[in-house]
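Dear colleague,

I am passing this structure on to you, and the notes below it are meant to help you find your way around. Please keep it open as you read.

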Amino acid sequence: MADSEYRISAWWVLPISAVAWWICGFLPWLMQLSYEFTGFAEGAIAGVAGFLPVPLTADGAMVGLVTMALFGGVLAGATSRLPASAGAGAAAAIAGTLLGLTAAVGGSWWLVVRGGVPDDSVPLGMLVATGAAGIVGLGAGLLTGLGPAALRGPALALPVVLLDSWLWGLVPGHAVAPVGTWWILAVALGIAFGLAVDSKPIELLGWLPTAGIVWVLQAAGPALVAVQEGIRPGSPFVDDALTAARIAWDEIAPAAVVSEGHQLGAWVVALLLGAAIAALRLSREAEAEGELAEAWA
């Protein structure tokens with residue numbers, strides 16, 4: 001009952017999730033636009049005539065779109081935890097995310113029709129990728145907010161892998177693209193690892209497969225870059241979706257099994273950090289329950 005007093009109405013989740021998907025997810029894009037407007041960066045967003053809600057022609061566009069749309073979906077889906085009713089929260093988060101996604105994609109497409117991007121771009125494919133990544137992120141966010149602890153780790157694996165891309169996008173003039181700062185991923189995973197464990201120490205074991213999933217998905221960045229290079233009018237990638245899957249697999253398969261770029265030591269430190277945070281939280285909860293029992297004795 002006490003916990004329910006601090007919950008918000010599911011109706012508030014509708015606008016919050018929509019804002020979270022676009023404002024928070026596409027924050028790097030919005031920041032780059034503000035950098036250009038204020039003069040901190042020049043030419044960071046090239047080839048765009050007017051404001052576009054989502055980027056379509058910037059350097060690293062495919063990686064940036066997938067990363068930001070996925071991150072926004074995770075944040076929007078996680079808002080489902082805010083109301084007392086999980087069902088109402090999930091419904092509101094889904095509706096709000098789809099609302100924000102539709103508004104941003106629809107607004108961008110309307111500007112494209114009016115000639116807002118160069119003729120040599122492929123806006124339809126980019127907008128489809130935006131929608132697909134946003135829905136995948138929404139599913140991961142719902143699992144993060146409402147799913148059991150054992151599923152939260154795998155749900156956060158891909159967002160954690162793309163975290164460095166999103167952070168680099170906040171730097172003036174820098175595209176949203178992976179640059180190999182895997183230690184950031186390790187720290188993020190460790191913190192999420194420790195904070196997501198509820199009340200059972202056995203839940204810590206549920207995060208071990210997550211480390212393996214993140215290890216494999218670290219090849220997602222180079223794969224997205226490889227696919228991105230094939231996005232141009234008349235290319236086999238645009239005409240045949242199976243080509244995109246083949247290119248992505250050719251990049252992920254070899255990179256997933258080699259140790260280069262994974263920095264095993266950083267992941268060991270991350271798991272130890274997460275275990276320490278989780279142990280501290282569980283010990284404090286145990287102490288609080290003990291003190292409460294003594295007070296009632």
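In which helix does Arg281 lie? Arg281 belongs to helix 14, which spans residues 264-296, where helices are DSSP runs of H or I with at least four residues, strands are DSSP runs of E with at least two, and both are numbered from the N terminus.

Before going further, please note that this is a predicted model, in which local features need pLDDT of at least 70 and side-chain atom pairs count only at pLDDT 80 or more, while totals for chains, interfaces and linings use all residues. Residues are numbered from 1 along each chain as its sequence is written, and side-chain values use heavy atoms, with hydrogens and water left out.

As to the overall make-up, the protein has 14 helices and 0 strands. Of its 297 residues, 45% count as buried, a word that here means under 20% relative accessible area, with exposed meaning over 50% and partly exposed in between (1.4 Å probe, protein chains only).

Arg281 itself is partly exposed, because its relative accessibility is 25%. Its C-alpha atom lies 8.1 Å from that of Gly194, although the two are 87 residues apart in sequence.

Three other residues also pair with positions that are distant along the chain.

- Gly72, in helix 4, is buried because its relative accessible area is 0%, and its C-alpha atom is separated by 9.2 Å from that of Leu27, 45 residues apart along the chain.
- Thr130, in helix 6 (residues 123-146), is buried because its relative accessible area is 0%, and it stands 9.7 Å from Pro55, C-alpha to C-alpha, with their positions 75 residues apart in sequence.
- Gly106, in helix 5 (residues 86-113), is partly exposed because its relative accessible area is 36%, and its C-alpha atom is 9.0 Å from that of Leu127, 21 residues apart along the chain.

Helix 9 deserves a paragraph of its own. On the surface, Trp183, Val187, Ile191, Leu195 and Leu273 make a nonpolar patch of about 450 Å², and helix 9 (residues 182-196) gives the largest share of that patch, 4 residues. Patches are made of residues with over 30% relative accessible area and no salt bridge, joining like charges within 9 Å and nonpolar side chains (Val, Leu, Ile, Met, Phe, Trp, Tyr) within 5 Å; a salt bridge is a side-chain nitrogen of Lys or Arg within 4 Å of a carboxyl oxygen of Asp or Glu. Ile191, in helix 9, is partly exposed because its relative accessible area is 37%.

The second largest pocket holds about 390 Å³ of space. Of the 16 residues that line this pocket, Val74, Leu156, Val160, Ala188 and Ala192 are the closest to its centre. (A pocket is an open set of points on a 1 Å grid over the protein atoms alone, where a 1.4 Å probe fits, with protein on both sides within 12 Å along at least five of seven lines; lining residues have an atom within 4 Å of a point.) Helix 4 (61-78), helix 7 (149-161), helix 8 (163-168) and helix 9 each supply at least two lining residues, and helix 9 gives the largest share, 5 residues. The lining divides into 15 nonpolar, 1 polar and no charged residues, where Ala, Val, Leu, Ile, Met, Phe, Trp, Tyr, Cys and Pro count as nonpolar, Asp, Glu, Lys and Arg as charged, and the others, Gly among them, as polar.

With best wishes

Technical notes
Accessible areas come from the Shrake-Rupley method with a 1.4 Å probe; for residues, only the protein chains shown count as cover. Grid points are joined across faces, edges and corners, and a volume is the space filled by probe spheres set on the points.
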